[in-house]
Amino acid sequence: MECRDMICLIHEYLDGDTDELANLQLQTHIKSCVSCRQHMHELQRAIAFVQSASHIHVSSDFTARVLAQLPAPTKANLLSGWLRNHPFLTAAAVFFFLMTGSVFNSWFDRDDTLQVSSANLDKLKIDRERNVVVVPAGTNINGDLVVRNGNVDVQGHVTGNVVAIEGKVFVASTAKVVGNTESIEAIVDWIWYEVKNIGNDLLPILP
């Protein structure tokens, strides 16, 4: 038998799981193999040490005395420990910090030109001179209508939300909006709008 087979046999022997034939094969091999004989002796010494250590007993206040001799944790260590113990809150805080930075950049680095987002642009009247987007009477717009740097004049029907960023939403008495109308003119409103959008994107993937 090769040495790699003998290693498994040595472990079985030390566990008391070998028969007489296997014991004879093992004894014959280790007499001629220095490496396996040394390996077996090291394992026997380790087992003997563990068995002897199992009888060692410490006083009931041993742990308290050891902890008392340790240096007091610093504020940095306390913070690090809190972060490790609350991974979800830590991840949420990092996400919120990065998201807020991105929202601030998108607000202050904005383009002042009129921007319109809709699945039915061909049905809208867009006046770029006055920065006004009109949903004509008798027109149906499916999906959200988002206008940036301009006002929205809703005279027809919109099946979705109508949002004006850096502008206002005007809804005629004969118009109908199946959704929310929002006029965002401050950075706080912009952050809240982005947070709601991210939440709406995440909800469908949550169990």
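The exercises below, each with a worked solution, concern the predicted model of a protein shown above.

**Exercise 1. The overall make-up**

Task: Find how many helices and strands there are in the protein, and what share of its residues count as buried.

Solution: Begin with the secondary structure, where there are seven helices and eleven strands. Turn next to burial, for which a residue needs a relative accessible area under 20%; of the 207 residues of the protein, 25% count as buried. The accessible surface of the protein comes to about 14,500 Å², and 58% of that surface belongs to carbon and sulfur atoms. Finally, look at the contacts between residues at least 6 apart in sequence, of which 27% join residues at least 24 apart.

**Exercise 2. The sheet of four strands**

Task: Give the order of the strands in the open sheet that four strands form, and explain why one side of β1 and of β11 is left without a neighbour in the sheet.

Solution: First write down the order, which is β1-β5-β8-β11, with mixed pairing. The strands β1 (115-117) and β11 (181-184) stand at the edges and have a single partner strand each, so one side of each is left without a neighbour in the sheet. From one strand to the next, the twist averages 10°.

Now take the pairs separately. Between β1 and β5 there are three bridges, and the two strands pair in the antiparallel sense. Strand β5 (residues 145-148) and strand β8 (residues 162-165), by contrast, run parallel and are joined by four bridges. The mixed pairing of the sheet can thus be followed through an antiparallel pair, β1 with β5, and a parallel pair, β5 with β8.

**Exercise 3. The residues of strand β5**

Task: Work out which residues of β5 point one way and which the other way, and name the residues that stand opposite Arg-148 in β1 and in β8.

Solution: It helps to recall that in a regular strand the side chains alternate between the two faces of the sheet. In β5, Leu-145 and Val-147 point one way, while Val-146 and Arg-148 point the other way. All four of these residues are buried.

The partners come next. On the β1 side, Gln-115 stands opposite Arg-148, and in β8 the bridge partner of Arg-148 is Ile-165. Val-146 likewise has a residue opposite it in β8, namely Val-163.

**Exercise 4. The sheet of three strands and Asn-120**

Task: Describe the open sheet of three strands, and then find which residues Asn-120 is in contact with, leaving aside its neighbours within four places in sequence.

Solution: The order of this sheet is β4-β7-β10, and the pairing is parallel. Because β4 (140-142) and β10 (176-177) stand at the edges with a single partner strand each, one side of each has no neighbour in the sheet. Three bridges join β4 to strand β7 (residues 157-159), and Asn-140 stands opposite His-157 in β7.

Asn-140 also appears in the second part of the task. Asn-120 lies in the loop between β1 and β2 (125-127), and its contacts, with those neighbours left aside, are Asn-140, Ile-141 and Asn-142. Asn-120 counts as buried, because its relative accessibility is 12% and the cut-off for buried is under 20%.

**Exercise 5. Two positive phi angles**

Task: For Asn-131 and Glu-166, state the phi value and the loop in which the residue is found.

Solution: Most residues other than glycine have a negative phi. Asn-131, however, has a positive phi near 55° and is found in the loop between β2 and β3 (132-135). Glu-166 is not a glycine either, and its phi is positive at about 60°; its place is in the loop between β8 and β9 (169-171). Asn-131 is partly exposed at 26% relative accessibility, and Glu-166 is partly exposed at 28%.

**Exercise 6. Salt bridge and nonpolar patch**

Task: Identify the residues of the salt bridge, and decide whether Leu-67 in the nonpolar patch is buried or exposed.

Solution: The structure holds one salt bridge, formed by Arg-130 with Asp-127, whose closest N and O atoms are 2.8 Å apart. Arg-130 is exposed at 57% relative accessibility, whereas Asp-127 is partly exposed at 26%.

The patch on the surface is made of Phe-62, Val-66, Leu-67 and Leu-70, which together have about 360 Å² of accessible area. Leu-67 belongs to helix α4 (residues 62-69). Since its relative accessible area is 54% and exposed means over 50%, Leu-67 counts as exposed.

Key:
Residues numbered from 1 in each chain as written. Predicted model: local features only at pLDDT ≥ 70, side-chain atom pairs only at ≥ 80, totals over all residues. Heavy atoms only, no water. Patch = residues over 30% accessible without salt bridge, like charges linked within 9 Å, V, L, I, M, F, W, Y side chains within 5 Å. Areas by Shrake-Rupley, 256 points an atom, 1.4 Å probe, with all protein chains shown as cover. Salt bridge = Lys/Arg side-chain N within 4 Å of Asp/Glu carboxyl O. Buried < 20%, exposed > 50% of the residue type's maximum accessible area, 1.4 Å probe, protein only. Pairing = 2+ DSSP bridges. Axes fitted to C-alpha atoms, helices over the stretch in contact; angles between N-to-C directions. Contact = heavy atoms within 4.5 Å.
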